[in-house]
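Dear colleague,

I am passing on the structure we spoke about, together with some notes on what turned up when I went through it. Please have it open beside you as you read.

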Amino acid sequence: LRQGRVVARIREHRPALRFIVRTPLAEVEAHGTIFSVQVDGDGRELARVIEGVVEVRVNESGAVYELQAGQELALKEPLPRQAGQVCWESIFSSFSR
């Protein structure tokens, strides 16, 4: 996903079948969930979990975060971009469903 928003509902997690949304800064893998991933034109990305669990892997740093229902992770690519640098706007913010 380079720009825009996707909302996905994955009924059950099957290890042999993976559902991953790849963005410029990270990849988000579903584990039996309802979630959304949004990429704005200004380099902002937002992963939000409505139900279940997703795993977010940050491309350059290799950091891995498990998000539960009601949590979100926001990333922003700094400008000008420097290798290995990702600016975290918010991690694990809770939101109202």
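R48 is partly exposed, because its relative accessible area of 28% falls between the cut-offs of 20% and 50%. Before going further I should say that this is a predicted model, and that what follows should be read with that in mind. The side chain of R48 is engaged in a salt bridge with E72, where the closest N and O atoms are 2.6 Å apart. Since E72 belongs to strand β6 (residues 71–76) and R48 to strand β4, the pair ties together parts that are 24 residues apart in sequence. E72, unlike its partly exposed partner, counts as buried, with a relative accessible area of 11%.

That bridge belongs to a total of seven salt bridges in the structure. As a general matter, side chains of opposite charge can pair when their charged atoms come close. Two further bridges share R57: one joins R57 to E27, with the closest N and O atoms 2.7 Å apart, and in the other the side chains of R57 and E29 meet at 3.0 Å, N to O. Both pairs link distant parts of the chain, from strand β3 to strand β4, with E27 and R57 30 residues apart and R57 and E29 28 residues apart. E27 and R57 are both buried, and E29 is buried as well. These three residues also take part in a network of salt bridges that links R18, R22, E27, E29, E55 and R57.

Strand β4, which covers residues 44–58, also holds V54. V54 is buried, because its relative accessible area of 1% is under the 20% cut-off. Leaving aside residues up to four places away in sequence, V54 touches V28, E29, A30, H31, T33, F35, V49, Y65, E66 and L67, a list that includes E29 from the salt-bridge network. For H31, the C-alpha to C-alpha distance to V54 is 5.6 Å, although the two residues are 23 positions apart in sequence.

F35, one of the residues that V54 touches, leads to the aromatic side chains, where a search of the whole structure finds one pair. The pair consists of F19 and F35, whose ring centres are 6.3 Å apart and whose planes stand at 75°, so the arrangement is edge-to-face. F19 lies in the loop between β1 (4–10) and β2 (20–22), while F35 lies in strand β3 (residues 26–39), so the pair ties together parts that are 16 residues apart in sequence. The two rings come from unlike surroundings, because F35 is buried, with a relative accessible area of 1%, whereas F19 is partly exposed, with a relative accessible area of 34%.

As for the protein as a whole, there are zero helices and seven strands, and the elements run β-β-β-β-β-β-β from the N terminus on. Of its 97 residues, 37% count as buried. Among the contacts with a separation of 6 or more, 41% are accounted for by residues 24 or more positions apart. The accessible surface comes to about 5,800 Å², and 47% of that surface belongs to carbon and sulfur atoms.

With best wishes

Technical notes. Residues numbered from 1 in each chain as written. Predicted model: local features only at pLDDT ≥ 70, side-chain atom pairs only at ≥ 80, totals over all residues. Heavy atoms only, no water. Helix = DSSP H or I, 4+ residues; strand = E, 2+ residues; numbered from the N terminus. Buried < 20%, exposed > 50% of the residue type's maximum accessible area, 1.4 Å probe, protein only. Contact = heavy atoms within 4.5 Å. Phe/Tyr/Trp six-rings, centres within 6.5 Å; stacked < 30°, edge-to-face > 60°. Salt bridge = Lys/Arg side-chain N within 4 Å of Asp/Glu carboxyl O. Areas by Shrake-Rupley, 256 points an atom, 1.4 Å probe, with all protein chains shown as cover.
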